[in-house]
Amino acid sequence: MLNFITDKDKAIHAALYVLQRTGPADFHKVFKTLYFAEQYHLKNFGRPLTGDSYHAMKYGPVPSFLYDVFKAAEKQESPFQEALSRSVVFNVVRDGNKPIVTGLLAPDMDELSESDIEVLNLSIEENSALDFVALVDKSHDSAWNKAENKEDGEMSYFDIAEAAGTSKDMLSYICLQAENSSSRMI
């Protein structure tokens with residue numbers, strides 16, 4: 001599976017950036033906005049935005065690390081200490097069944113590159129007006145379909161890029177980037 005190392009600081013500040021631009025939003029809207037920003041970044045720059053591990057859930061892709069952080073912000077507890085410690089920059093309240101998240105800090109713009117901001121703005125512009133059903137339909141792409149029936153539901157960054165219509169040359173480059181990313185862990 002083609003995956004990257006999650007840049008947790010960037011994931012937090014990308015979410016804060018989305019919330020700064022859109023105002024309070026439900027988890028679903030934030031997660032789908034980030035998912036499409038990941039796709040745009042892969043397609044145009046050959047690397048993911050955050051590297052967070054996306055899972056094919058019933059209503060579309062969900063970034064694993066940020067989901068843990070948002071749940072920790074909502075419940076004020078988590079089995080994951082890092083998620084709990086990073087959750088203090090978000091506030092989550094329920095509007096019926098819908099968890100609404102608010103950023104409590106401005107994003108640190110030093111954590112986001114020009115290309116990161118470019119794809120975040122593009123995703124916000126294209127997706128902020130879409131309702132829940134439209135975001136579900138749009139995010140149930142070929143990458144989601146491939147991962148939906150897998151036991152762990154984890155989506156491959158190769159499949160995410162491919163679903164965005166990424167060129168074969170860029171897909172090859174993304175594979176090389178993933179290999180280099182994983183070799184830095186050792």
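This report takes a walk through a handful of residues in a predicted model.

**Lys-29 and its neighbours**

Let's start with Lys-29, which sits in helix 2, the stretch covering residues 27-45. Is this lysine buried or exposed? Its relative accessible area is 16%, and because buried means under 20%, Lys-29 counts as buried. Once residues up to four places away in sequence are set aside, Lys-29 touches Asn-127, Ser-128, Ala-129, Leu-130 and Leu-135. One of these, Leu-130, also offers its backbone oxygen, which lies 2.4 Å from a polar atom of the Lys-29 side chain. Asp-131 is 102 residues away from Lys-29 along the chain, yet 8.4 Å separates their C-alpha atoms.

**The aromatic side of helix 2**

Staying with helix 2, we meet Phe-27 and Phe-31, which are four residues apart there, or about one turn of the helix. Both of these phenylalanines are buried. The structure holds nine aromatic pairs. Phe-27 and Phe-31 make up one such pair, with ring centres 5.8 Å apart and 55° between the planes, and the pair is classed as tilted. Why tilted and not edge-to-face? The edge-to-face label needs planes over 60 degrees apart, and stacking needs them under 30, so an angle of 55° falls in the tilted range. The two rings also belong to a wider group: together with Tyr-67, Phe-70 and Phe-90, they form one aromatic cluster.

**Tyr-54 and Leu-120**

Phe-31 turns up again in the surroundings of Tyr-54, a residue of strand 2. Which residues does Tyr-54 contact, leaving aside neighbours within four places in sequence? From the earlier part of the chain come Phe-31, Leu-34, Tyr-35 and Glu-38; the list goes on with Pro-61, Val-62 and Pro-63, and ends with Gly-153, Glu-154, Met-155, Tyr-157 and Ile-160. Tyr-54 is buried, with a relative accessible area of 1%. Lys-168 is another matter: its C-alpha atom and that of Tyr-54 are separated by 22 Å, with the two positions 114 residues apart along the chain.

Leu-34 is also a contact of Leu-120, alongside Ala-14, Tyr-17, Val-18, Ala-37, Leu-49 and Leu-112, again without counting residues up to four places away. Leu-120 belongs to helix 5, residues 114-127. With a relative accessible area of 0%, Leu-120 is buried. For Leu-120 and Val-18, the C-alpha separation is 7.2 Å, although they are 102 residues apart in sequence.

**Two loop residues**

Ser-156 is found in the loop between helix 7 (142-148) and helix 8 (157-163). A loop position doesn't leave this serine exposed: at 8% relative accessibility, Ser-156 counts as buried. Its side chain reaches the backbone nitrogen of Phe-158 at 3.1 Å.

Tyr-59 is in a loop too, between strand 2 (54-57) and strand 3 (60-63). Here the relative accessibility is 41%, so Tyr-59 counts as partly exposed. What does Tyr-59 form with Phe-132 and Val-133? The three make a nonpolar patch on the surface, and their accessible area together is about 290 Å².

**Accessibility at a glance**

Here are the values for the residues discussed above.

| Residue | Relative accessibility | Class |
|---|---|---|
| Lys-29 | 16% | buried |
| Tyr-54 | 1% | buried |
| Tyr-59 | 41% | partly exposed |
| Leu-120 | 0% | buried |
| Ser-156 | 8% | buried |

Notes: Residues numbered from 1 in each chain as written. Predicted model: local features only at pLDDT ≥ 70, side-chain atom pairs only at ≥ 80, totals over all residues. Heavy atoms only, no water. Buried < 20%, exposed > 50% of the residue type's maximum accessible area, 1.4 Å probe, protein only. Contact = heavy atoms within 4.5 Å. Polar contact = N/O pair within 3.5 Å; in protein donor to acceptor, adjacent residues only side chain to side chain. Patch = residues over 30% accessible without salt bridge, like charges linked within 9 Å, V, L, I, M, F, W, Y side chains within 5 Å. Areas by Shrake-Rupley, 256 points an atom, 1.4 Å probe, with all protein chains shown as cover. Salt bridge = Lys/Arg side-chain N within 4 Å of Asp/Glu carboxyl O. Phe/Tyr/Trp six-rings, centres within 6.5 Å; stacked < 30°, edge-to-face > 60°.
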